[in-house]
Amino acid sequence: MSSDIQTWYKQVPIFTRMWLTGTVGISLLARFGILPPQYLILQSVPLFQKLQLWRPMTAVFFYPLNPATGFHFMLNCFFLYNYSKQLETDHFKQKPGDYFYLLFFNWILCLLIGLLMDLPLLMDPMVLSVLYVWCKLNKDVIVNFWFGTRFKAMYLPWVLLGMNLILSSGSIFSIVGILVGHAYYFLKFIYPQELGGPSLLETPAIIKRYIPDVSGGVHGFGVPPVGQRVVNPQQQQQQQQQGGFGFRHQWGRGHVLGRD
């Protein structure tokens, strides 16, 4: 049993794993009284006047656990794991630095809005902002929801907003998450690609230096083209003697951009 959990845990992509681990770990430590909850929430006075600089980070990870909030916490952990993992392993598989920058950008926006609106917890808006980006990138994918309902992914954030309006008082967190997720999606994709504006969310070079793009893989970066396969010197000499240069009968097949 423990080996199965360990195997599963190691297969979770790195940033999703760190995020999920921090969320579960800090929330459980606070639940058992090891960490004081009042020092984990986002508050401007202790942050700026007492320089308690850990609060912006712990406010993302910490969620107060009790019998009334346990189900919502588990639901958030499921959304975090599922949609963050899919973004990290699918859309940002070759560019982990870009995914880190997505998380960083969304966190900064959640933090600024949280300070302006006096929101003590950032878990809900942060999770929903990532879920929103996934839903926009997969808007026509059919998702399954409660009671067998099925609809396009583009509607999922609004369904969750409506559910929070009905079942809890946390709808403001959902609204913030949707706004933050849309800000990233608009600046990263809509504005430069559809409206012809400059790219405002290019990943900084310092992030690319420490979290470089991944070469190879299914997208073919760093892999010799199909029509230019590498041959050893003996094969090349034989082909040259036959009047070729190692590329004969290789035309007519290629990769379609955007397809795995």
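**Reading a predicted chain: helices, rings and a surface patch**

Modeller: The protein chain has 11 helices and two strands, and the model we are reading is a predicted one.

Biologist: Which pattern does the protein chain follow when read along the sequence?

Modeller: The order is α-α-α-α-α-α-α-β-β-α-α-α-α, and of the 260 residues of the chain, 41% count as buried.

Biologist: How should I read a single helix, and is helix 7 enclosed or open?

Modeller: An α-helix has 3.6 residues a turn, so residues three or four places apart point the same way. In this model, helix 7 spans residues 123-137 and reaches 22 Å from its first C-alpha to its last, close to the 21 Å expected at 1.5 Å a residue. Because 13 of its 15 residues are buried, helix 7 is largely enclosed by the rest of the structure.

Biologist: How many aromatic pairs are there, and what makes Tyr-63 and Phe-73 a stacked pair?

Modeller: Ring pairs are judged by the distance between centres and by the angle between planes, with planes under 30 degrees apart counting as stacked. The count here comes to 17 aromatic pairs. In the pair of Tyr-63 and Phe-73 the ring centres are 6.1 Å apart and the planes stand at 25°, so the pair is stacked. The pair links distant parts of the chain, with Tyr-63 in the loop between helix 4 (55-61) and helix 5 (70-91) and Phe-73 in helix 5, 10 residues apart; both Tyr-63 and Phe-73 are buried.

Biologist: Which residues form the nonpolar patch on the surface?

Modeller: The patch is formed by Phe-71, Trp-146, Phe-147, Leu-165, Ile-166 and Leu-167, with about 790 Å² of accessible area together. Its largest share, three residues, comes from helix 8 (residues 156-167). Phe-147 is placed in the loop between strand 1 (142-144) and strand 2 (150-152), and because its relative accessibility is 83%, Phe-147 counts as exposed. Two of the patch residues, Phe-71 and Trp-146, also belong to one aromatic cluster with Phe-145 and Phe-151.

Biologist: Where does Arg-17 lie with respect to Tyr-9, and how is Tyr-9 itself placed?

Modeller: A charged group can be read against the ring it sits over, and in this model Arg-17 lies over the face of Tyr-9, at 5.7 Å from the ring centre. Tyr-9 belongs to helix 1 (residues 2-11) and, with a relative accessible area of 35%, is partly exposed. The C-alpha atoms of Tyr-9 and Thr-21 are separated by 9.7 Å, and these two residues are 12 residues apart along the chain.

Definitions and conventions
Residues are numbered from 1 along each chain as its sequence is written. This is a predicted model: local features need pLDDT of at least 70, side-chain atom pairs count only at pLDDT 80 or more; totals for chains, interfaces and linings use all residues. Side-chain values use heavy atoms; hydrogens and water are left out. Patches are made of residues with over 30% relative accessible area and no salt bridge: like charges are joined within 9 Å, nonpolar side chains (Val, Leu, Ile, Met, Phe, Trp, Tyr) within 5 Å. Accessible areas come from the Shrake-Rupley method with a 1.4 Å probe; for residues, only the protein chains shown count as cover. A salt bridge is a side-chain nitrogen of Lys or Arg within 4 Å of a carboxyl oxygen of Asp or Glu. Helices (H or I, at least four residues) and strands (E, at least two) are DSSP runs, numbered from the N terminus. Buried means under 20% relative accessible area, exposed over 50%, partly exposed in between (1.4 Å probe, protein chains only). Rings of Phe, Tyr and Trp (its six-membered ring) pair if their centres lie within 6.5 Å; planes under 30 degrees apart count as stacked, over 60 as edge-to-face and the rest as tilted. A charge sits over a ring if NZ of Lys or CZ of Arg is within 6 Å of the ring centre and within 35 degrees of the ring normal. The expected span of a helix is 1.5 Å times one less than its number of residues.
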